[in-house]
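Q: Could you take a close look at one part of this structure with me, the place where the two chains meet? I'm new to this, so please go slowly.

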Amino acid sequence: MRAALQLSEAGLKTAVLSKVFPTRSHTVAAQGGVSASLGNSEEDHWTWHMYDTVKGSDWLGDQDAIEFMCREAPKVVTELEHYGMPFDRNADGTIYQRPFGGHMSNFGEKPVRRACAAADRTGHAMLHALYQRNVRANTHFFVEWMALDLIRDADGNVQGVIAMEMETSEIVVFQAKATLFATGGAGRIYASSTNAFINTGDGLGMAARAGIPLEDMEFWQFHPTGVAGAGVLITEGVRGEGGILRNSAGERFMERYAPNAKDLASRDVVSRAMVTEINEGRGCGPNKDHVLLDITHLDPEVIMSKLPGIREISIKFAGVDPIKAPIPVVPTCHYQMGGIPTNYHGEVVVDGKPVNGFYAAGECACASVHGANRLGTNSLLDLLVFGKSSANSMIDFIKAQPLELPELATADVERSVARVERLNKQTNGVAVNDARTAMQRTMQAHCGVFRFKDMLAEGVEKILEVEKMVQQTEISDKSSVFNMARIEALELENLIEVAKATMISANARTESRGAHVRDDAPDTPETPNGRDDANWLKHTLWSRDGNRLQYKPVNLQPLTVDTIALKTRSY
Amino acid sequence: MTAYDPIELKRIRWRSRRGLLELDLVLERFFAQRFDSLSPAEIDAYKRILDLPDTDFLDVVNGKADLDDPEEAAIIEILRAV
Ligand SMILES: Cc1cc2nc3c(=O)[nH]c(=O)nc-3n(C[C@H](O)[C@H](O)[C@H](O)COP(=O)(O)OP(=O)(O)OC[C@H]3O[C@@H](n4cnc5c(N)ncnc54)[C@H](O)[C@@H]3O)c2cc1C
């Protein structure tokens, strides 16, 4: 919507397609805030923000894009304020800022207040401010339309998308001089995810089918404790209050992994211990796929007074009252760092050259500012900065095009229609739910928060098997109107592309970096944190065709300042 | 259940896909367990609730806020219980 606004205000005819009403996009879940070095509460500087982002990315982020984002941040946040975003304020009327993990002053010295928020509804307020402004600018919204595939001509230039109106299942071509994907993340590839059901990576699936590689898909951020089977987060405060993690034998296993800190060890240590327990057969439940977070030994009064929200979540989503029984938990996927490869102008880049007419921004894109690990509050910033910059690139591109639209290339349209036809006609096929569950279990078990060489190799085989299931999905409801079964089957065809990209890229990257942590690339004095810059300081590019992997160098050269030199990432 | 426009029912089903995971989970259960036994008037009330922004909707489901309309409040009671 940030891009649409820029385009509409420039007087261009702009159509926004969305599967749901735009203000119900997953961005509504963002509570924490959006980062910008405004320096309203204490001294701050974009170069400090840049340093934190490069370090957070474990040096896999492109430093030109990171400089651009951090330098633009104060501008885009101030613009958003002018669009009517109800930011929390200081007494002097300036935007109130609070600290957030990983954001520091003076190149990593001490925490700085950089996050701007609108109470606990930052994402919601942002969607509303941008939507209202778009309505004013006459952006044309096509709500409850699902884009199915990208249209490219014989030279690879992008001509628009094929989309389906959900109400009628009618398939329509949207031909455009420029096309932007801002389709969000694909967290639903995992069995346990904090993402809403709508996050099915459609943009990534469409790009992959159109021959665009996906970048750095092995990098996913996880949270150690989500409710098993649901994904809703249990805050780390529960362990702070005395919560204990137990395996199927009831053992307090953290004593073995972190004899001193035990259950209060850092996120990665806890996640890794949980996964190791599950992998070694000491998981709980019929599928032995989670562990237990036990607070039954705490005084019920303490639980009621200090952790009321957690009790509610546990009763509602795990079906257990934590006063009486332990909560099933599992490391839970939260954010996708990789995506459609772009430069900081928002142009999709393949083989070093922009793809004419194609742009991407937000969680579906990889600019790459988050590298191997995103800092909290940097993703809402990513939406604003690259939404705007891609729109500016689109405006320049469109102005240079002839007035008339070129003749429509029909090959992709036919392929897309055939894809839907296959689904409609499939008999003796696989149930969508079964194929999706198989994918999610495979990803969670073989390519979760902590990864093992053999499990990854096996995971590649398994996910290619699951792909065969997805190619044969069958739906019993063939009706046209709001056919949710068809929509979900089509979404699964996108998810599976992301799942393959993730598994295959992760299997190949034999180092540990940021959110990609492997058992066989441990922390040693020669390779701190298991990172191997000599061999792996490069971006992965996975192509759907033959599951081919290629690599491209990380851009270590910022635009105007000196390179932030490689260092061990430690906090 | 008495006749309710089947097209409208399917639209309602899709509009029950929300931006927040917690709502998705609650509404999924609501559809599996309770939706089919709602009366047309109750479905109308549910439809009005769907117009709430996700954040307000979740607050109501979580008991942090209430709805004034008694028909809507009754649906919310069901959602709180599933
Ligand atoms: C619980 C939670 C809390 C978070 N908190 C923060 C935070 O505090 N700060 C922060 O910076 N980040 C946060 N994040 C991350 C951040 O919210 C997301 O990265 C960001 O909102 C993604 O925005 P987006 O615009 O890329 O995608 P989305 O908001 O997911 O929007 C995608 C849009 O694309 C549309 N779409 C998708 N596929 C299709 C299709 N095939 N056809 C038509 N339309 C389609 C959808 O309808 C939707 O409108 C949080 C994430 C989670 C899960």
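To start, what is the mean pLDDT of chain B, and what share of its residues reach 70 or more?

A: Sure, let's start with how far to trust what we see. This is a predicted model, and the mean pLDDT of chain B is 94. Of its residues, 98% reach 70 or more. For the complex as a whole, the predictor gives an ipTM of 0.95 and a pTM of 0.96.

Now for the meeting place itself. On one side, 31 residues of chain B are in contact, and on the other, 34 residues of chain A. Between them the two chains bury about 2700 Å², and carbon and sulfur atoms give 57% of that area. Three residues stand out here: Trp14(B), Arg17(B) and Leu21(B) supply 30% of the area that chain B buries against chain A, more than any other three residues.

What about charges and polar atoms? There are seven salt bridges between chain B and chain A. Across the same interface, 18 residue pairs are in polar contact. Which parts of chain B do the touching? Helices α1 (6-15), α2 (21-33), α4 (54-61) and α5 (70-81) of chain B each supply at least two residues of the side that touches chain A. The helix that gives the most is α2(B), with seven residues. If you sort the residues of that touching side by kind, you get 13 nonpolar, three polar and 15 charged.

Let's zoom in on two of the salt bridges that cross over. In one of them, Glu167(A) and Arg11(B) bring their side chains together at 3.1 Å, N to O. In another, the side chains of Arg121(A) and Asp59(B) meet at 2.7 Å, N to O. Arg121(A) sits in the loop between β4 and α4 (122-136) of chain A, while Asp59(B) belongs to helix α4 of chain B, so this pair joins two chains. How open are these two partners? Arg121(A) counts as partly exposed, because its relative accessibility is 21% and the buried class stops under 20%. Asp59(B) is also partly exposed, at 24% relative accessibility.

Staying on chain B, have a look at Ser16(B), which is found in the loop between α1 and α2. This serine is buried, with a relative accessible area of 4%. What surrounds it? Leaving aside neighbours within four places in sequence, Ser16(B) is in contact with Asp24(B), Leu27(B), Phe31(B), Tyr46(B) and Leu50(B). With one of these, Tyr46(B), the serine's side chain makes a polar contact of 2.8 Å. For a sense of scale, try finding Glu72(B): Ser16(B) and Glu72(B) are 56 residues apart in sequence, and their C-alpha atoms are 15 Å apart in space.

It helps to set the meeting place against the rest of the structure. A search over all chains finds 55 salt bridges, and some of them lie within chain A. Take Arg246(A) and Asp294(A), whose side chains meet at 2.8 Å, N to O. This pair links distant parts of the chain, with Arg246(A) in strand β12 (residues 244-246) and Asp294(A) in strand β13 (residues 291-294), 48 residues apart. Arg246(A) is partly exposed at 22% relative accessibility, whereas Asp294(A) is buried at 8%.

Compare that with a local pair. Lys468(A) forms a salt bridge with Glu465(A), the closest N and O atoms being 3.1 Å apart. These two are three residues apart in helix α14 (residues 453-470) of chain A, which means about one helical turn separates them. Lys468(A) is partly exposed at 44%, and Glu465(A) is partly exposed at 46%.

One last stop, inside chain A. Eleven of the eleven residues of helix α2 (residues 46-56) are buried, so this helix is largely enclosed by the rest of the structure. Among the buried ones are Trp46(A), Trp48(A) and Tyr51(A). What covers them includes β2 (34-35), α3 (63-82), β3 (97-105), β4 (110-116) and α11 (378-399) of chain A. After this helix comes Asp58(A), whose phi is positive, near 55 degrees. Asp58(A) also belongs to a network of salt bridges with Glu218(A), Arg509(A), Glu511(A), Arg513(A), Arg531(A) and Asp533(A).

Definitions and conventions. Residues are numbered from 1 along each chain as its sequence is written. Chains are lettered from A and ligands numbered from 1 in the order in which they are written. This is a predicted model: local features need pLDDT of at least 70, side-chain atom pairs count only at pLDDT 80 or more; totals for chains, interfaces and linings use all residues. Side-chain values use heavy atoms; hydrogens and water are left out. pLDDT is the predictor's confidence in each residue, from 0 to 100. Contact means heavy atoms within 4.5 Å. Buried area is the accessible area (1.4 Å probe) that two parts lose on being put together, summed over both. A salt bridge is a side-chain nitrogen of Lys or Arg within 4 Å of a carboxyl oxygen of Asp or Glu. A polar contact is a pair of N or O atoms within 3.5 Å; within protein, one must be able to donate a hydrogen and the other to accept it, and residues adjacent in sequence count only if both atoms are side-chain atoms. Helices (H or I, at least four residues) and strands (E, at least two) are DSSP runs, numbered from the N terminus. Ala, Val, Leu, Ile, Met, Phe, Trp, Tyr, Cys and Pro count as nonpolar, Asp, Glu, Lys and Arg as charged, and the others, Gly among them, as polar. Buried means under 20% relative accessible area, exposed over 50%, partly exposed in between (1.4 Å probe, protein chains only).
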